[in-house]
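Reader: I would like a close look at a single part of this chain, one helix and what surrounds it, described carefully enough that I can follow it in the viewer. Please set it in the context of the whole chain before turning to the details.

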Amino acid sequence: IESAFNAKAYSISAAGGFWQFIPSTARHFDLKMTTWLDERRDFVKSTQKAAQYLKQLKKKFGDWHLAWAAYNAGEGRIRRALRRHGVETYWELSAVRKAIAKETVHYVPRVIASAILAKNREKYGFTNIPSLKPLYYDVVTVDGALDLRHLAKHFAIRINTLRGLNPALRHDITPPNRSWKLRVPKGSGTKVAKWLKVTPEAQ
């Protein structure tokens, strides 16, 4: 719903990544955005933060429909709209003409529809669709800048594989002057760590 699983999805409101965090919300949830990286594009960290944010919204608004609407439109906007129109539920609010943006009116039904379709694919004609394979990888902590192209060439790893595993990196290089947990194809962690003379992460 947010990005169609596109790490580089970007909106006119400067929302980015898998969960379409705007910069201010990303910073609030400690998702780093620098010249070298954009953690909104990291499929692990951004998902954890999105879940955390949605849990907070559910607690504030009392139900998931309003929580999802607030995720899309902003909690302040939804709270003001509820108060202005004297309603309590998302469905009442969405029935008021121009109370909230059309995007938000459609957003909650799209979330619900996607969940229903995902759980009943055959019933709705989505048959013979192969599932994506589970994503397995090793993690190696890199200190300072490492050129991913050099790594890919040395270990005969496709550069696009490294990019796909590390979508938060803006360039084919790990951030300088800091450590970075680099994902590499499953089974290659030990030899990459040895090459870098570091200790491999426990898997």
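Author: Helices here are DSSP runs of H or I with at least four residues, strands are runs of E with at least two, and both are numbered from the N terminus. Counted in that way, the chain has nine helices and two strands, and, read along the sequence, these elements follow the pattern α-α-α-α-α-α-β-α-α-β-α. The model is a predicted one, and every value below should be read with that in mind.

As for the chain as a whole, its C-alpha atoms fill a box of roughly 65 × 45 × 30 Å when this is taken along the principal axes. Of the 203 residues in the chain, 37% are buried, and among the contacts between residues at least 6 apart in sequence, 52% join residues at least 24 apart.

The part to look at closely is helix α3, which covers residues 64–73. At its N-terminal end, aspartate 63 acts as a cap, with a side-chain oxygen 2.8 Å from the backbone nitrogen of histidine 65. Just after the other end of α3 comes glycine 74, which takes a positive phi of about 105°. Between these two points, the buried residues of the helix are Leu66, Ala67, Ala69, Ala70, Tyr71 and Ala73, and the elements that cover them include α2 (45–61), α4 (75–85), α5 (90–95) and α6. An α-helix has 3.6 residues a turn, so residues three or four places apart point the same way.

One of these covering elements, α6, deserves a fuller description. The axes of α3 and α6, the latter covering residues 102–119, come within 9 Å of each other and cross at roughly 130°. Because that angle is neither over 145 degrees, as roughly antiparallel would need, nor in the range of 65 to 115 that counts as roughly perpendicular, α3 is oblique to α6. The crossing of these two helices is right-handed. On the α3 side the contact is made by His65, Trp68, Ala69, Tyr71, Asn72 and Ala73, while α6 contributes Glu103, Thr104, Tyr107, Val108, Val111 and Ile112. Sorted by class, the residues of this contact are eight nonpolar, three polar and one charged. Ala69, Tyr71 and Ala73 thus appear both among the buried residues of α3 and in the contact with α6, and His65, whose backbone nitrogen faces the capping oxygen of aspartate 63, also takes part in that contact.

For comparison, a few sites elsewhere in the chain can be placed in a similar way. Glutamine 20 is found in the segment before α1 (23–28) and counts as buried, because its relative accessibility is 14%, under the 20% cut-off. A polar atom of its side chain lies 2.9 Å from the backbone oxygen of glycine 17, and, leaving aside residues up to four places away in sequence, glutamine 20 touches Glu2, Ser3, Ala9, Tyr10, Ser11 and Ala15. Histidine 28, in helix α1, counts as exposed because its relative accessibility is 62%. Serine 188, in the loop between β2 (179–185) and α9 (189–196), is buried, with a relative accessible area of 5%, and its side chain reaches the backbone oxygen of proline 185 at 2.6 Å.

Methods:
Residues are numbered from 1 along each chain as its sequence is written. This is a predicted model: local features need pLDDT of at least 70, side-chain atom pairs count only at pLDDT 80 or more; totals for chains, interfaces and linings use all residues. Side-chain values use heavy atoms; hydrogens and water are left out. Buried means under 20% relative accessible area, exposed over 50%, partly exposed in between (1.4 Å probe, protein chains only). A polar contact is a pair of N or O atoms within 3.5 Å; within protein, one must be able to donate a hydrogen and the other to accept it, and residues adjacent in sequence count only if both atoms are side-chain atoms. Contact means heavy atoms within 4.5 Å. Axes are lines fitted to C-alpha atoms, for helices over the stretch in contact, and angles run from 0 to 180 degrees between N-to-C directions. Angles under 35 degrees count as roughly parallel, over 145 as roughly antiparallel, 65 to 115 as roughly perpendicular and the rest as oblique. A crossing is left-handed if the near helix is turned anticlockwise from the far one by less than a right angle, and right-handed if clockwise. Ala, Val, Leu, Ile, Met, Phe, Trp, Tyr, Cys and Pro count as nonpolar, Asp, Glu, Lys and Arg as charged, and the others, Gly among them, as polar.
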